[in-house]
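Colleague: I would like a close look at a single part of this model. Take one strand and its partners, then go on to the disulfide and its surroundings.

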Amino acid sequence: MFASLALTALVATTSVSAARLYVSSYDGNITTFNFTKTSNATYSLARIDKNIGCAPNPSWLQIDDMKGNLFCLDENFASTTNASIASLKINKDATGPSLKKVTNITVPASPVHSSIYTSSNGTQLLAVAHYIHALTTYNINPQTATFTLSQKFNFTDAPGPKPQQAVPRPHQVIIDPMKKYFVVPDLGADLIRVFYIDLMTLKIAERPSIPVPKGSGPRHAVFHITPRSSLKAKRGETHLYVLTEISAQILSFNVTYLPNNGGLAMTPIGKAVWAYGSGMGLDAKTAM
């Protein structure tokens, strides 16, 4: 089960705040809840309605709250070749259904994660990682929530040595802090893939991938900018933290930008190794 949280304009007074919570589940539904906090720090969760516009197997939800759009990845377990992506409009009024389906399109199998890139002039691109060796992008009309296929990349790199790594398996797509690149952890190929985003055309181009230890299985990653080292520094260092599924580690990299939009350079700076303790959950050991 996956959830996407979007703040809404449902604040009636200064003592009560409310948000909409959208929850997808493999039974075919996207369920909308009101999530309310009162001034005395109590919370309530109330179901509003359900929507089957992303059936049969909705998973990842990607929200654009400014435009009132929700994009849903349907993994469609019954097929090994096709799945779908649905778009829905968010209704923030108190009356009527909370979501209204706009459209859905057939896409390659196993879409598992997405990100929306918004350019300075408001144009948008949806990038989707497919667990069965693919990455796709879609041009979005932010006003109507319609979208069309822009590009598809099929990966044929040699997979890793573990049984879970039979083929390349992109598992996430994130945007770097400078909003110039999509970064894609590939669990099957032991790579961090990098794609440059052309700000004018919204086409993406592959740049050199960053290898990680064989058999580690990178699944998710997050960027972090450290505090400035001095008052003269414009920004701090950019770090990337990568969670590996197979080796159960968090890998840390210092990230620098190559000239002429040539990609990203990543220098390892450490790792946290997670091992199950004796009834105590997870123990972390840091190696620098």
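Modeller: Strand β11 and strand β12 (residues 146-154) run antiparallel, joined by 8 bridges. This is a predicted model. One pairing fixes the register: L135 has F153 in β12 as its bridge partner. The two strands form a hairpin, with 4 residues between them. In that turn, A145 has a positive phi of about 65°.

Now the other partner of β11. Strand β10 (residues 124-130) pairs with β11, again in the antiparallel sense, over 7 bridges. Here L126 stands opposite Y138 of β11. β10 and β11 also form a hairpin, with 3 residues between them. The turn holds H133, whose phi is positive at about 50°. So much for pairing; next comes burial. Strand β11 spans residues 134-141 and is mostly covered. Of its 8 residues, 6 are buried. To sum up the strand, β11 pairs with β10 over 7 bridges and is joined to β12 by 8.

Next, the disulfide. A search of the whole structure finds 1. It joins C54 to C72, with an S to S distance of 2.2 Å. The torsion about the S-S bond of C54 and C72 is about -90°, so the disulfide is left-handed. The pair links distant parts of the chain, 18 residues apart. C54 sits in the loop between β4 (43-51) and β5 (58-64). C72 belongs to strand β6 (residues 69-74). Both cysteines, C54 and C72, are buried.

Strand β6 also holds D74. D74 is buried, yet it has no salt bridge. The nearest side chain of opposite charge is that of K101, 8.8 Å away. A salt bridge here requires a side-chain nitrogen within 4 Å of a carboxyl oxygen. The side chain of D74 does have a polar atom 3.0 Å from the backbone nitrogen of N76.

What is D74 in contact with, leaving aside its neighbours within four places in sequence? The list begins with C54, A55, P56, N57 and P58. It also includes A83, S84 and P111. C54 thus appears twice in this account: as a contact of D74, and as the disulfide partner of C72. The loop between β4 and β5 provides C54, while β6 provides both C72 and D74.

Note on methods: Residues numbered from 1 in each chain as written. Predicted model: local features only at pLDDT ≥ 70, side-chain atom pairs only at ≥ 80, totals over all residues. Heavy atoms only, no water. Disulfide = S-S within 2.5 Å. Buried < 20%, exposed > 50% of the residue type's maximum accessible area, 1.4 Å probe, protein only. Lys, Arg positive; Asp, Glu negative; His and termini not counted. Polar contact = N/O pair within 3.5 Å; in protein donor to acceptor, adjacent residues only side chain to side chain. Contact = heavy atoms within 4.5 Å. Pairing = 2+ DSSP bridges.
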